[in-house]
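Work through these exercises with the structure open beside you. Try each task before reading its solution.

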Amino acid sequence: MMTIRSSISQSLIGLAFFSTTAVFTPTATAETIIGQSGNVRAEISYDKPEEYQYKNVRLKIIRAGKTILDQKLPQENEYDRPVGNLSGQENNLPVQDLDGKKEPEIIADFFTGGAHCCIYSLIYRYDNKSQKYIKIRHEWGNGGYQLKDLDKDGLPEFDSRDDRFAYAFTSYAASGYPLQIWHYRQGKMIDVTRRYPKLISNHASELWQTYTQIEQEGDDGKGFLAAYLADKYLLGQGEDGWQRVQQAYKKSDRTKYFADLRKFLRETGYFR
Ligand SMILES: [Ca+2]
Ligand SMILES: [Ca+2]
């Protein structure tokens, strides 16, 4: 009843003028985030937050007029907050074809609260065989991502950063991050950063610039040098990177820093 009524009134008034409280919500205090692409429409609803707690967070996916999924979302705790579209409007849910198979996926992003951490995505794709939506979860750490078509092939990439570098060598504020780019294929997130050498190269230059700036301002710059070196490894220029880092960093703890850095970059997979 609710579904029929809401889809009729939505088609009448259109998405732009969609009133969140009047049509969809079970109670007067609920809020919604909505997205649509082609014949797929997705809605996240939740009770209006009290004391930062978000209760009854639900996802509903309607495909070709049929409700395929309508369920409570797996929040880890009630401080997990749906964030809408990280790349644009806050109340817009990304519904977009991520893999070029002409079927839109749905990205539900959450922020776990706290000072920084963390953002994660639940990505839903329609499985033709089972006629159900199948989800994966991807962790972004503090940094999140932006959906951008970086290679201009008509499909979005997830433009992000390697968040494992947060606090690795210094405070959060003085931490630098290597570039990280992901795409979604066959229901999986794949790290495709190395396919974008030009972007990595620009990114490395920016990290180096920031390093020289904050070094002049009195920071030791360890966080940015670490990220710079990781970018250089992504470019296949690890040796050159080490030379520059070793020339730049002259502080008394340099032997330990270089050893820690080498260990960290090996553990994070930048080299073997
Ligand atoms: Ca798709
Ligand atoms: Ca692309």
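**Exercise 1. The calcium ion (ligand 1)**

How are the donor residues of the calcium ion (ligand 1) spaced in sequence?

Solution.
- The model is a predicted one.
- Start with the donor atoms. D97 and D99 each coordinate through OD, E103 through O, and E105 through OE twice.
- Check the distances. They run from 2.2 to 2.6 Å.
- Now read the pattern along the chain: D-x1-D-x3-E-x1-E.

Then decide: are E103 and E105 buried or exposed?

Solution.
- The cut-off for buried is under 20% relative accessible area.
- E103 has 14% relative accessibility, so E103 counts as buried.
- E105 has 2% relative accessibility, so E105 counts as buried too.

**Exercise 2. The calcium ion (ligand 2)**

List the protein donors of the calcium ion (ligand 2), then classify the site's geometry.

Solution.
- The donors are D149 (OD), D151 (OD), D153 (OD), L155 (O), E157 (OE) and E157 (OE).
- They lie 2.2 to 2.6 Å from the ion.
- The sequence spacing is D-x1-D-x1-D-x1-L-x1-E.
- Turn to the angles. Among the 6 donor atoms they span 53 to 172 degrees.
- For six donors, octahedral needs opposite donors over 155 degrees apart and all others between 65 and 115.
- The site is irregular.
- Finish with accessibility. D149 is partly exposed at 26%, and D151 is partly exposed at 37%.

**Exercise 3. Helix 3**

Compare the reach of helix 3 with its expected span, and say how enclosed the helix is.

Solution.
- Helix 3 covers residues 222–234, which is 13 residues.
- From its first C-alpha to its last, helix 3 reaches 19 Å.
- The expected value, at 1.5 Å a residue, is 18 Å, and the reach is close to that.
- Next, count the buried residues. They number 13 of the 13, so helix 3 is largely enclosed by the rest of the structure.
- Look just past the helix. G236 follows, and its phi is positive, near 75 degrees.

**Exercise 4. The nonpolar cores**

Which residues touch the most other members of the largest nonpolar core, and which element gives the largest share?

Solution.
- The largest nonpolar core has 33 residues.
- F165, Y257, L261 and L265 touch the most other members.
- Now assign elements. Those giving two or more residues are strand 12 (179–185), helix 2 (197–216), helix 3, helix 4 (238–248) and helix 5 (254–267).
- The largest share is 9 residues, and helix 3 supplies it.
- Take F165 as an example. Beyond its neighbours within four places in sequence, its contacts include A226, A227, A230, F264 and L265.
- Also among the contacts of F165 are S175, G176, Y177, P178 and Y270.
- Another core lies apart from this one. It has 21 residues, including I44, L73, V95 and Y133.

**Exercise 5. Salt bridges**

How many salt bridges does a search of the whole structure find? For three of the pairs, sort the partners by exposure.

Solution.
- The search finds 12.
- Pair one is E43 with R41, at 2.8 Å, N to O. E43 is buried at 1%, and R41 is buried at 6%.
- Pair two is D70 with R58, at 3.4 Å, N to O. D70 sits in strand 4 and R58 in strand 3, 12 residues apart, and the pair links distant parts of the chain.
- D70 is partly exposed at 41%, and R58 is partly exposed at 33%.
- Pair three is E139 with R137, at 2.5 Å, N to O. E139 is partly exposed at 46%, and R137 is partly exposed at 32%.
- Last, look for shared partners. D220, K222 and D253 are joined into one network of salt bridges.

**Exercise 6. A loop glycine**

Where does G65 lie, and is G65 buried or exposed?

Solution.
- G65 is in the loop between strand 3 (58–63) and strand 4 (66–72).
- The relative accessible area of G65 is 67%. The cut-off for exposed is over 50%. G65 is therefore exposed.
- Now relate G65 to V40. They are 25 residues apart in sequence. In space, C-alpha to C-alpha, G65 and V40 are 8.2 Å apart.

Note on methods:
Residues numbered from 1 in each chain as written. Chains lettered and ligands numbered in written order. Predicted model: local features only at pLDDT ≥ 70, side-chain atom pairs only at ≥ 80, totals over all residues. Heavy atoms only, no water. Donors = N, O, S within 2.8 Å, 3.2 Å for Na, K, Ca; no water. Buried < 20%, exposed > 50% of the residue type's maximum accessible area, 1.4 Å probe, protein only. Helix = DSSP H or I, 4+ residues; strand = E, 2+ residues; numbered from the N terminus. Expected span 1.5 Å × (residues − 1). Core = buried A, V, L, I, M, F, W, Y, C linked by side-chain atoms within 4.5 Å. Contact = heavy atoms within 4.5 Å. Salt bridge = Lys/Arg side-chain N within 4 Å of Asp/Glu carboxyl O. Tetrahedral: all angles 85-135°; square planar, octahedral: opposite > 155°, others 65-115°.
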